[in-house]
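User: I should like to learn how to read the strands and the interior of a protein model. Please take me through the features one at a time.

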Amino acid sequence: MNVKTLTLLCLCAVSITANCNTTDPPASAEQIHLHGTLDLGAASDDIEAYVDENTVYLSFHRSFGNVTVTVYTPGGSTIYSGVVNTAVQQLLVIPMTFSTEGTYTVVIENATGYADGDFEKQP
């Protein structure tokens with residue numbers, strides 16, 4: 001296999017992977033209002049966050065490179081932490097089935113900034 005063919009296959013794989021993120025939040029999901037920005041030129045709607053029952057949805061509408069996403073419990077403990085390459089993955093779905101009710105915080109950070117928001121987890 002030559003280099004051109006291999007490069008084309010890799011680009012197709014990335015394109016297919018990027019377009020497979022079709023798990024949009026349900027219509028009943030509540031928006032998590034994020035404060036802050038990951039980039040000076042970012043618009044307020046470049047990242048959308050929602051919570052629905054036992055799931056948090058983060059949608060990245062532009063590339064911020066690698067971001068670290070952390071979810072904290074009402075007591076300040078970390079229940080989720082992971083790195084997302086937003087150039088490839090535009091949607092992150094975080095299950096919250098093991099959590100108790102209360103006010104949780106989601107924090108999204110990269111090398112140039114951060115955004116955070118609180119949401120309520122119902123029983």
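User: In what order do the five strands of the open sheet stand?

Analyst: Strands (E, at least two residues) are DSSP runs numbered from the N terminus, and two strands pair if DSSP finds at least two bridges between them. In this predicted model, local features need pLDDT of at least 70 and side-chain atom pairs pLDDT 80 or more, whereas totals for chains, interfaces and linings use all residues. Residues are numbered from 1 along each chain as its sequence is written, and side-chain values use heavy atoms, without hydrogens or water. Here the order is E2-E9-E8-E5-E6, with antiparallel pairing.

User: Which strands stand at the edges?

Analyst: Strand E2 (35–37) and E6 do; each has a single partner strand, so one side of each lacks a neighbour in the sheet.

User: How many bridges join E5 to E6?

Analyst: Seven bridges join these antiparallel strands. Thr70, for instance, has Ser81 in E6 as its bridge partner.

User: Is Thr73, in the loop between strand E5 (66–72) and strand E6 (78–85), buried or exposed?

Analyst: Buried means under 20% relative accessible area, exposed over 50%, and partly exposed in between (1.4 Å probe, protein chains only). Thr73 counts as buried because its relative accessibility is 19%. Contact means heavy atoms within 4.5 Å; beyond its neighbours within four places in sequence, Thr73 is in contact with Ile79, Thr103 and Tyr104.

User: What does Val69 contact?

Analyst: Leaving aside neighbours within four places in sequence, the contacts of Val69 include Leu58, Phe60, Ser81 and Ile108.

Methods:
Helix = DSSP H or I, 4+ residues; strand = E, 2+ residues; numbered from the N terminus.
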